[in-house]
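Notebook open, coffee ready. I want to look up a few things and jot down what I find.

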Amino acid sequence: MSELVFPALGAALLGLGFGAVVGRRHMLMKIIALNVMASGVSLLLVTLPARVHGTTDAVPQAMVLTGIVVMVAATALALALAVRMADAGADVDVVQAGKEGEQP
Amino acid sequence: MSTAFDVILALLVLLLALRMLSTRGLFQAVILFVSFGLALALVWVRVGAVDVALAEVALGAGVTGALLVNTLRRLETKAPDWLDIARYGPLRAIVPAACGLAAAAAGAVAIAAPRAEVPLAPLVLETAAGVGIGNPVTAVLLDFRGYDTLLEIAVLLSGLVAVWALERGRPAVPAPSDAAREPVLAELVRWIVPLAVITAVYLTWFGSYGPGGAFQAGALLAGAGVLLLAAGFLQPAGSSSFVLRSVAASGLFAFAAAALHTTIATGGMLRYPAGTAYYWMLGIEFVLVVSIAAILADLFVDVPAAPRGPAA
């Protein structure tokens with residue numbers, strides 16, 4: 001049962017992150033929430049095998065390492081896109097931007 | 001006793017995440033994000049994944065946190081949003097809550113799913129020891145799954161090129177001159193950067209024996225580079241700089257060249273000749289460190305902000 005603590009944390013982070021991606025309106029918060037989701041998945045990947053074997057598995061660790069690096073690149077790109085959006089005059093508040101888009 | 005510690009640690013991470021995702025202030029959210037990364041690193045250490053802990057601190061909390069702070073400054077956003085339940089009524093909270101529960105349920109299914117019969121972990125440990133690499137994670141990254149790491153470097157480089165394309169046409173902010181340089185920051189940089197360089201070299205070399213490796217060291221060097229940029233010791237090189245482009249691409253080229261050579265020499269891509277795996281990996285890693293550092297440091301745009309006047 002004690003090995004379920006961190007996998008449960010991973011699932012909880014996944015849920016929290018996704019809820020925030022949907023619920024928060026600001027672009028930056030959505031990007032942060034995506035990072036939280038990625039952390040949740042990483043936790044699930046690394047801590048689940050320990051349930052079965054009792055040791056740490058090196059392959060998911062390498063996958064998560066790769067995942068963290070890719071997340072950094074994706075976050076940097078997403079942030080550059082958000083800045084570009086703001087430059088072009090779009091509202092960084094997604095709901096406001098949607099309302100502006102509806103106007104003919 | 002150890003389970004109690006696990007639960008407390010998990011609660012810490014959860015509370016940080018909750019506070020971060022529900023707070024009104026964006027800067028507060030970013031600072032909480034860095035704390036969240038550090039607490040998560042503690043979880044990684046607790047589980048025994050020390051390499052991941054190093055990467056989480058260096059890249060997850062460090063580079064991503066710094067990128068967020070920098071973007072916050074560039075966006076100059078004043079009014080944060082807020083899923084204002086008091087204003088819009090509780091119905092507005094249903095959709096995010098439902099999505100959150102669905103995602104958490106997916107996680108629960110992953111936990112409850114039956115496990116595979118063939119465990120990879122002991123196999124990896126045996127083979128890594130046979131190849132002479134003390135750290136199985138580095139062995140997986142650069143030897144057994146070397147192709148994935150090659151693609152990972154390509155992703156990093158593509159991200160940089162995409163950010164360059166998005167920043168095209170924006171005027172570059174010049175670094176502050178000697179007179180305008182902040183003295184405390186300058187002194188801090190003079191102490192930190194040499195230490196960072198030495199630690200990065202050590203981390204890269206030690207990655208073959210214990211926790212460490214090219215990515216963590218590259219992130220450390222990138223942090224040193226950003227500090228140099230912020231303090232004004234380094235002028236930001238434009239995306240058209242040949243030196244910058246060469247250094248950024250050198251990691252991918254070195255890795256691809258190694259893949260090509262091993263394909264011709266041994267018949268298998270990135271299958272190193274017997275007994276030489278350690279030297280191949282170390283060589284590739286050292287080229288990777290500089291390349292990753294250049295890529296990550298260059299993701300920070302407009303770092304040397306013009307010094308604000310007294311009216312601001």
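Here are my entries, one topic at a time.

**Ground rules.** This is a predicted model, where local features need pLDDT of at least 70, side-chain atom pairs count only at pLDDT 80 or more, and totals for chains, interfaces and linings use all residues. Residues are numbered from 1 along each chain as its sequence is written, chains are lettered from A and ligands numbered from 1 in the order in which they are written, and side-chain values use heavy atoms, with hydrogens and water left out.

**Confidence.** I checked the scores and got ipTM 0.89 and pTM 0.88. Then I looked up pLDDT (the predictor's confidence in each residue, from 0 to 100). Chain B has a mean pLDDT of 85, with 87% of its residues at 70 or more. Among the elements of chain B, helix 2 (residues 26-47) has the highest mean, 94, and helix 4 (residues 85-88) the lowest, 49. Helices here are DSSP runs of H or I, at least four residues, and strands are runs of E, at least two, numbered from the N terminus. In residues 82-86 of chain B the pLDDT is below 50, yet beyond near neighbours in sequence I find 11 contacts for this stretch; a contact means heavy atoms within 4.5 Å. Note to self: where pLDDT is low, the predicted coordinates should not be read in detail.

**Chain A.** I count 4 helices and 0 strands in chain A. Of its 104 residues, 54% are buried, meaning under 20% relative accessible area (exposed is over 50%, partly exposed in between; 1.4 Å probe, protein chains only).

**The core.** Which residues have the most contacts inside the largest nonpolar core? They are A:Ile32, B:Met20, B:Phe36, B:Trp44, B:Leu59 and B:Leu296, in a core of 108 residues. Such a core is a set of buried Ala, Val, Leu, Ile, Met, Phe, Trp, Tyr and Cys residues joined through side-chain atoms within 4.5 Å. Helix 3 (residues 58-87) of chain A gives the most to this core, 13 residues. I zoomed in on B:Leu59: leaving out residues up to four places away in sequence, its partners include A:Ile68, A:Val69 and A:Val72 from chain A, plus B:Phe215 and B:Leu296 from chain B.

**An odd leucine.** B:Leu270 caught my eye with a positive phi of about 60°, although it is not a glycine. I found B:Leu270 in the loop between helix 11 (242-266) and helix 12 (277-298) of chain B. Is B:Leu270 buried or exposed? B:Leu270 is buried, at a relative accessible area of 4%.
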